[in-house]
Amino acid sequence: MECNCCHAAVAEGVAKCPSCGFPVLAAGDGSPEYNRILTEFRSKRLSQIIIEMQVYSYEVSSSGVSEAGSAWHTVGLASALKAGEVVWSDLDCEALPSDRSFTVRLRIRNGGTQREQAVTFSPGRTVSRSCIGLAGEDVFTFRLAVGSKDDYILSDTIRMLS
Ligand SMILES: [Zn+2]
């Protein structure tokens, strides 16, 4: 079976989806009332999800370049994403290469819980800038975009829920 809300696989006889918490109702029949509850539940869950990225800062001294620390920056809100569109953040990571493999760390905050996920980009074509954005996909999934509005690369699909 598949959860009607987040499309995760759900075992037979389970009362709630283990991924998003939506009740697995026998009456998931597409009636207007069911659809209203589903839409309301989805937008409430999405409104709790914030996607952040770990950004490193560097110091230049006489002995060379060293890492000065890192901080989490908000990249976007799940509720702002639309399928097939990239929502760009104000993050511009000049250091990200696109002609070789690189990994960034995301933190997905979900109400009171959070989890971290490493996102690796394979070597691809070179993009001239490294702005960071989120591309909406199916419900509760997205891709990380690196580049600029007219020229960007996308990560593999990332799930918002665990
Ligand atoms: Zn679900």
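**Sheet, domains and core of a predicted model**

Q: In what order do the 4 strands of the open sheet run?
A: Happy to start here: the pairing in this open sheet is antiparallel, where strands are DSSP E runs of at least two residues, numbered from the N terminus, and two strands pair if DSSP finds at least two bridges between them. This is a predicted model, in which local features need pLDDT of at least 70, side-chain atom pairs count only at pLDDT 80 or more, and totals for chains, interfaces and linings use all residues. Residues are numbered from 1 along each chain as its sequence is written. The order is β2-β1-β4-β5.

Q: Which are the edge strands?
A: Look for strands that pair on one side only. They are β2 (64–77) and β5 (113–121).

Q: Over how many bridges do β4 and β5 pair?
A: Valine 104 stands opposite valine 119 in β5. The β4 and β5 pairing is antiparallel, and its bridges number 9.

Q: How far apart are the centres of domain 1 and domain 2?
A: The chain divides into domain 1 (1–47) and domain 2 (49–159), with bounds from an automatic or database domain assignment. Taken over C-alpha atoms, the separation of their centres is 29 Å.

Q: Which residues does cysteine 20 touch, leaving out those up to four places away in sequence?
A: Contact here requires C-beta atoms, placed from the backbone, within 7 Å. By that rule, the partners of cysteine 20 are Cys3, Cys5, Cys6, Ala8, Arg45, Phe140 and Leu161.

Conventions. Two residues are in contact if their C-beta atoms, placed from the backbone, lie within 7 Å.
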